[in-house]
Amino acid sequence: MRLMTIAAVLAFAVSPAMAQNYPDRPITVVVPFAAGGPTDTIARITAASMQKSLGQQIIIENAVGAGGTIGSARVARAAPDGYTLLIHHVGLSTAATLYRKLPYDTKTAFVPLGLVTESPQTIIARPDFGPNTLKELIEYIKANKEKVSYAHAGLGAASQLCGMLIQTALQTQVTTVPYKGNGPIMNDLLGKQVDMTCDQATNTTGPITSKQVKAYAVTTKTRMSTFPDLPTADEAGLPGFEISVWHGVYAPKGTPPEIVKKLSDAIVAAMKDPELAKRFRDITTEPVAPERATPQVHEKMLISEIDRWAPIIKAAGQYAD
């Protein structure tokens with residue numbers, strides 16, 4: 001026991017020096033989703049910009065599985081030295097309720113370092129679907145709930161959360177069809193095998209522009225510059241409806257404040273980087289305002305989203321375990 005105590009004291013004693021020299025080797029950012037997906041793309045763009053101010057290489061590691069909880073658990077268990085980080089989206093907040101037996105406490109296992117982007121979703125349908133406006137879609141769903149099929153990319157996916165929110169707002173259940181990704185959903189939507197879905201604008205801009213799908217609304221408070229004529233859900237018939245796919249960067253609990261500050265400063269600098277802004281625009285998203293790329297704002301967002309989604313998920317009775 002005495003040896004363990006001495007070791008702990010020594011570890012604490014060298015911590016300030018380690019923090020002062022941080023980073024002196026490459027940093028790993030864990031992406032809990034597959035390579036090539038939206039979160040992976042956002043992580044790689046963000047990492048490339050953060051490297052400029054940190055002066056060290058940032059390596060992306062994809063740790064896939066269980067709705068993002070495998071990668072998250074890997075970071076929760078990592079040494080709190082700033083060399084293993086996590087980038088995750090809104091799913092980190094919903095996992096706190098969707099998974100009743102998580103190997104970590106979502107509210108306390110991580111140090112939020114800063115938000116990086118917040119993307120709208122779009123409510124879309126197959127091109128020959130009858131309703132032409134969101135109000136017509138709402139009326140159609142209420143009158144034909146047994147006939148309507150809603151596709152989502154699995155429990156905890158942003159598309160599933162959006163569908164859950166729609167059904168909660170309408171107090172109407174439709175037939176939900178789970179998929180293993182957004183790609184197959186779009187294929188079946190274009191092939192008229194399913195009726196509707198929600199998906200990130202990063203994935204739907206092309207099909208909407210080419211009129212391969214029918215677009216009803218965007219799910220954020222403001223309209224998209226890409227589609228200025230596409231109304232928000234709030235404007236078009238679902239008052240107060242809002243869901244975005246926000247991404248943030250996290251460190252393990254216990255990471256020294258000096259290291260947290262260096263990482264947060266790097267995120268803020270990245271949000272001001274014109275190259276990052278251009279690359280984000282290319283995938284139909286935007287960097288958050290620099291004042292939102294801070295630990296304080298990020299932590300508040302995480303906690304509020306956990307509290308927001310918990311009653312919705314419990315009322316739906318849809319759990320991932």
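Domains first. The assignment splits this protein into domain 1, residues 27-118 + 245-316, and domain 2, residues 120-218. Keep in mind that this is a predicted model. Domain 1 is written as two stretches of chain, 27-118 and 245-316. Domain 2 is given as 120-218.

How far apart are the centres of the two domains? Taken over C-alpha atoms, 27 Å separate the centre of domain 1 from that of domain 2. Now the interface. On the domain 1 side, 14 residues make contact, and they meet 14 residues of domain 2. The buried area comes to about 1200 Å². Carbon and sulfur atoms give 73% of that area. Which residues of domain 1 lose the most area to domain 2? They are Pro38, Val245 and Thr284. Together they account for 35% of what the domain 1 side buries. And salt bridges between domain 1 and domain 2? The count is zero.

Elsewhere, there are salt bridges to find. The whole structure has 14 of them. Let me pick one. Arg25 and Asp81 pair through their side chains, at 3.4 Å, N to O. This pair ties together distant parts of the chain, with the two positions 56 residues apart in numbering. Arg25 sits in the loop between α1 and β1. Asp81 sits in the loop between α3, residues 69-77, and β3, residues 84-88.

Stay with the loop between α1 and β1 for a moment. α1 covers 2-21 and β1 covers 27-31, and Pro23 lies in the loop between them. Is the peptide bond from Tyr22 to Pro23 cis or trans? It is cis, with omega near -10 degrees.

One more backbone point. Lys192 has a positive phi, near 65 degrees, and is not a glycine. Look for Lys192 in the loop between α7, residues 182-190, and β7, residues 196-200.

Now helix packing, two cases.

Case one is α2, residues 38-54, with α11, residues 274-282. Their axes come within 10 Å and cross at roughly 175 degrees. The cut-off for roughly antiparallel is over 145 degrees, so α2 runs roughly antiparallel to α11. From α2, the contact uses Ile42, Ile45, Thr46, Ala48, Ser49 and Lys52. From α11, it uses Glu275, Leu276, Arg279 and Phe280. By type, the residues of this contact between α2 and α11 are five nonpolar, two polar and three charged.

Case two is α6, residues 158-170, with α12, residues 295-316. Here the axes are 11 Å apart, at an angle of about 75 degrees. Roughly perpendicular means 65 to 115 degrees, so α6 is roughly perpendicular to α12. α6 brings Leu161, Met164, Leu165 and Thr168 to the contact. α12 brings Arg308, Trp309, Ile312, Ile313 and Ala316. The residues of this contact between α6 and α12 divide into seven nonpolar, one polar and one charged.

Technical notes: Residues numbered from 1 in each chain as written. Predicted model: local features only at pLDDT ≥ 70, side-chain atom pairs only at ≥ 80, totals over all residues. Heavy atoms only, no water. Axes fitted to C-alpha atoms, helices over the stretch in contact; angles between N-to-C directions. Helix = DSSP H or I, 4+ residues; strand = E, 2+ residues; numbered from the N terminus. Parallel < 35°, antiparallel > 145°, perpendicular 65-115°, else oblique. Contact = heavy atoms within 4.5 Å. Nonpolar A, V, L, I, M, F, W, Y, C, P; charged D, E, K, R; others polar. Domains from an automatic or database assignment. Buried area = accessible area lost by both parts, 1.4 Å probe. Salt bridge = Lys/Arg side-chain N within 4 Å of Asp/Glu carboxyl O.
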